[in-house]
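The following exercises concern the structure shown below. Each task is followed by a solution that proceeds step by step.

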Amino acid sequence: MTSLQDLWKQVLNAIEVSHFFSEETYNSWIKKTNLFNIENHVAYVSYRSVITFKILNQDENKQLLESTLSELYGESVSIQFFEQNDAEKLMPISNPVQQKKIELVQNSLNPDYTFENFVQGYCNQEAYAACLSCCTQTRHTFNPIMIYGNSGLGKTHLLHAIGNFLKKERPEIKVFYAYSGQLVTILLDAMKTKSIYGNMVEQVKEELSNFDYFLIDDVQNLKQSSSQEVFFTVYNQLISRNAQIVMTSDMHPNELSGLQNRLISRFSSGLITNISKPEFDTSKAILRKKLEGNEDSILIKDEVLDYLASKFSDDVRNLEGSLNKLIFNATIENPDVIDLDFAQRILMKEPVIQNRDELTMKQIKKAVTSFYGFTYKDLEGKSRQKNIMNARHVFVYLCRELLHKPYVAIGQELGNRDHTTILNSYERACQKMEEEEAFSIAIGRIKSTLNV
């Protein structure tokens, strides 16, 4: 049985050789139509522009299409025209890739994540300003915007806030938001799916490139090589259309591994901004925001908020979770007020992330050189001696694990080494931790001298 795609190709070929339309009109407008479905002697044909519709809907042009299609189809049919996006919504969806994309766009945004609900502070004010600003611009000065930082600091909140703002204030704007893993799934499924409408990958590329705002969360997970190829094309098309791209990552673009250099280069061409862990005042403001509207029913002393803000601020989710735990236990025990004694008793068994503000890379460097008996010059120099190489690996590993320092910063501290060298050193250290007991013991002993 001839597919709808093949049938429409035959129709278009017959019209092309008839020279009914000029070559320019045919190639620019007629050729870009699709036969979407035939049902009850009605053929649904999609078009991509108003100009195409005006041409097709002229009586003599429509009659030509209907007669040609009826002859090749073997039955008399009339044609009904639909704009491409409307046709996809109105017709039954048998394509799983299309279904996933529509569900993703319709159900992706959390309505609670807004700019109004985002607590600003020194740790995130630049990222907040960049995201809010891009929502009101028609010509995007900074594109793409890349927000990086550890998990749980508000990166996802800002992406959703962009989508929710546009949905409310500029409803005509088309917004796509996805976690990188969801995007990879769509792209891989498109590569495996045969469609009656043509090359599914090309369709997905075209559809993704048609959004005005493209929001991707945790782009560091976009590691599947074939999906990167498709994403690279979509990215370039979005930029050429002046569509705004905003992405998040858990690290600076220069530190991303597993992504093509040409992608990393493009990520670095816009605005790169960091979100760090909230300082004390911001942490306390987050807790107050969480309590907003419930002050009469939840009585909690200010000293408790101070305690939470100082002990659980490395991760906003952890910070809010500690407050939730206190509130939950208060509903069970029903104290008159949540005071410090109550909070400390309830949270005593919770793993508290130690505040490492006082620990520095220089202290780690001192501990490493003291353990191995080297000088700073040895550690920062070019010697490839095994023990010195091991000491460098240990230094890099501890700076990443204890301080979460970027590779660029570690490289500067280690004799201005390139970030890729530091990345390789860290990966080598992780490997040695698993394979060499002596290396793990050295790490443990150096950590003990640092009281961590």
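**Exercise 1: Charges over rings**

K365 lies over the face of Y376, at 5.2 Å from the ring centre. The model is predicted: local features need pLDDT of at least 70, side-chain atom pairs count only at pLDDT 80 or more, and totals for chains, interfaces and linings use all residues. Residues are numbered from 1 along each chain as its sequence is written, and side-chain values use heavy atoms, with hydrogens and water left out.

Task: state the criterion behind this placement, and identify the ring over whose face R400 lies.

Solution. Step 1: a charge sits over a ring if NZ of Lys or CZ of Arg is within 6 Å of the ring centre and within 35 degrees of the ring normal. Step 2: R400 lies over the face of Y407, with a distance of 4.0 Å from the ring centre.

**Exercise 2: Aromatic pairs**

Task: classify the geometry of the pair F53 and F81, and place both residues in the secondary structure.

Solution. Step 1: rings of Phe, Tyr and Trp (its six-membered ring) pair if their centres lie within 6.5 Å; planes under 30 degrees apart count as stacked, over 60 as edge-to-face and the rest as tilted. Step 2: this rule gives 17 aromatic pairs. Step 3: the ring centres of F53 and F81 are 6.4 Å apart and the planes stand at 85 degrees, so this pair is edge-to-face. Step 4: F53 belongs to helix α3 (residues 50-56) and F81 to strand β3 (residues 78-83), so that the pair links distant parts of the chain, 28 residues apart. Helices (H or I, at least four residues) and strands (E, at least two) are DSSP runs, numbered from the N terminus. Step 5: F53 is partly exposed, at 28% relative accessibility, whereas F81 is buried, at 11%. Buried means under 20% relative accessible area, exposed over 50%, and partly exposed in between (1.4 Å probe, protein chains only). Step 6: one aromatic cluster is formed by F176, F211, F214, F231, Y235 and F267.

**Exercise 3: The sheet**

Task: give the strand order of the open sheet of 5 strands and name its edges.

Solution. Step 1: two strands pair if DSSP finds at least two bridges between them. Step 2: the order is β5-β8-β9-β4-β10, with parallel pairing. Step 3: β5 (175-179) and β10 (271-274) are the edge strands, each pairing on one side only. Step 4: from one strand to the next, the twist averages 15 degrees, where axes are lines fitted to C-alpha atoms, for helices over the stretch in contact, and angles run from 0 to 180 degrees between N-to-C directions. Step 5: β5 and β8 (residues 213-217) run parallel and are joined by 5 bridges; within them, Y177 stands opposite L215.

**Exercise 4: Two serines**

Task: describe the surroundings of S257 and S283.

Solution. Step 1: S257 lies in the loop between β9 (244-249) and α12 (261-267) and is partly exposed at 28% relative accessibility. Step 2: beyond neighbours within four places in sequence, S257 is in contact (heavy atoms within 4.5 Å) with K223, L423 and E427. Step 3: S257 and K223 are 34 residues apart in sequence, with C-alpha atoms 8.5 Å apart. Step 4: S283 is in helix α13 (residues 280-291) and is buried, with a relative accessible area of 0%. Step 5: not counting residues up to four places away in sequence, S283 touches P278, A309, S313 and L319.
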